[in-house]
Amino acid sequence: MVALAVLTAAGSGTRLGCRGPKALVELGGQTLLERAARGLADAGIAALVVTAPPGEVDGFERVLPGHVPGAPHVPVLVVAGGESRQASVAAGLEALPAVATLAGVELAEDTPVLVHDAARCLTPAEVIGRVVAAVEAGSVAVVPGLPVTDTLKEVASPMSTTDAASGPTPEVRRVVATPDRSHLWGVQTPQGFRWSVLLHAHEHGRALAATESTAATDDASLVEALGLPVDMVRGDTLALKVTSRTDLLLAELLVEGALTSGG
Ligand code: CTP
Ligand code: MG
């Protein structure tokens, strides 16, 4: 069986504080976008739809000129993303039949389709392979996860953008609960789905996508909202999401280490 992917890269990188789109930030001489696309191609994904910030479609097409650099057999279509990550994925799904045709792949109900964040550009091929294998083995939705290492607290009021960005001193908040950590896992991407289920989940959840404050933060939660099962396979610390300057510095060290050790 063959798998296809939507690679989300339409975010602006507010928390990273970069000038242009986060996906065009360089890491060891290569953009996050190129690294993530190449990672999917190297793991055997047959074709990609990439979401770009609306004004950046041409710039992204220059980085990915119809195919993944170094993998000319993997076609790429770049589409304009939306207001939220969820809206961007929905826009990407619309272009999936077209990219499947370019790759000569029949898009069937049970074709595995991945949704991956360009910001997780160091995700090992093994993680991508585990997700695809689980969908091939019959899971309708699969997420890679790792046990959380922090103790988590629930607070009384929702997070503000200032809190999320660790900007100026956030207000003092009241803790209301400490969930049992033994059942809590942090999830990563790529998340993998049976094509028909992913499409249906996004259609069903469409009303949430207008702003990031209401949108689903991952695709699997849209499948959960349908009452369908979501399975988990093991993720990897290398699948970290480049969100802050600290993450970028860590990713640079990881890439440098890989380069100096010949890997
Ligand atoms: N993304 C997207 N469309 C959006 C928002 C985000 O395709 N409207 C993508 C990002 O490009 C990224 C992934 O979703 O690859 C995860 O988002 P995140 O890490 O939050 O990236 P940004 O939204 O760019 O960062 P920030 O929230 O700090 O602005
Ligand atoms: Mg974001």
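## Exercises on a predicted model

A backbone N or O atom of Ala 10 lies 2.9 Å from an oxygen atom of ligand 1. That pair of atoms opens our tour of this predicted model.

**Exercise 1. Work out which residues surround ligand 1 and how much of its accessible area the protein covers.**

*Step 1.* Begin with the backbone. Besides Ala 10, Gly 13 places a backbone N or O atom 2.9 Å from a ligand 1 oxygen.

*Step 2.* Turn to the side chains. In Thr 14, a side-chain N or O atom is 2.7 Å from an oxygen atom of ligand 1.

*Step 3.* Now consider cover. On its own, ligand 1 has 570 Å² of accessible area, and the protein covers 89% of this.

*Step 4.* Widen the view to the surroundings. There are 20 residues around the ligand, and those that come nearest are Thr 8, Thr 14, Arg 15, Ser 88 and Lys 241.

**Exercise 2. Ser 88 belongs to helix H3. Find out how many residues of H3 are buried.**

*Step 1.* Use the cut-off for burial, which is under 20% relative accessible area.

*Step 2.* List the residues of H3 that pass: Arg 85, Gln 86, Ala 87, Ser 88, Val 89, Gly 92 and Leu 93.

*Step 3.* Draw the conclusion. Seven of the 10 residues are buried, so H3 is largely enclosed by the rest of the structure.

**Exercise 3. Identify the buried residues of helix H7 and say where they lie around its axis.**

*Step 1.* H7 spans residues 195-204, and its buried residues are Trp 195, Val 197, Leu 198, Ala 201 and His 202.

*Step 2.* Around the axis these residues cover an arc of only 170 degrees, so they sit on the same side of H7.

*Step 3.* Recall the helix geometry behind such patterns: an α-helix has 3.6 residues a turn, so residues three or four places apart point the same way.

*Step 4.* Look at the partners. The buried residues of H7 pack against H3, helix H4 (96-103), strand S7 (112-117), strand S12 and helix H8 (220-224).

**Exercise 4. Describe the largest nonpolar core and its contributors.**

*Step 1.* This core has 43 residues; Leu 33, Ile 45, Leu 48 and Val 50 touch the most other members.

*Step 2.* Elements giving two or more residues include strand S1 (4-8), strand S4 (48-52) and helix H9 (245-260). Helix H1 gives the most, with six residues.

*Step 3.* Zoom in on Leu 48. Leaving aside residues up to four places away in sequence, its contacts include Ala 5, Ala 37, Leu 40 and Val 99.

*Step 4.* Add the other core. A second, separate one of 27 residues includes Leu 4, Val 6, Ala 141 and Leu 198.

**Exercise 5. Decide whether two loop residues, Thr 111 and Ser 139, are buried or exposed, and name what they touch.**

*Step 1.* Thr 111 lies in the loop between H4 and S7. Its relative accessibility is 4%, so Thr 111 counts as buried.

*Step 2.* Beyond four places in sequence, Thr 111 touches Val 2, Glu 106, Phe 193, Arg 194 and Trp 195.

*Step 3.* Ser 139 is in the loop between helix H5 and strand S8 (141-147). With a relative accessible area of 12%, Ser 139 is buried.

*Step 4.* On the same sequence rule, Ser 139 touches Ala 134 and Asp 231. The side chains of Ser 139 and Asp 231 make a polar contact at 2.6 Å.

**Exercise 6. Locate the cis peptide bond that joins Thr 189 and Pro 190.**

*Step 1.* Check the angle: omega is about 10 degrees. Most peptide bonds are trans.

*Step 2.* Place Pro 190: this residue is in the loop between strand S11 (185-187) and strand S12 (191-194).

Key
Residues numbered from 1 in each chain as written. Chains lettered and ligands numbered in written order. Predicted model: local features only at pLDDT ≥ 70, side-chain atom pairs only at ≥ 80, totals over all residues. Heavy atoms only, no water. Helix = DSSP H or I, 4+ residues; strand = E, 2+ residues; numbered from the N terminus. Buried < 20%, exposed > 50% of the residue type's maximum accessible area, 1.4 Å probe, protein only. Arc of directions from axis to C-beta. Contact = heavy atoms within 4.5 Å. Core = buried A, V, L, I, M, F, W, Y, C linked by side-chain atoms within 4.5 Å. Near = heavy atom within 4 Å. Polar contact = N/O pair within 3.5 Å; in protein donor to acceptor, adjacent residues only side chain to side chain. Areas by Shrake-Rupley, 256 points an atom, 1.4 Å probe, with all protein chains shown as cover.
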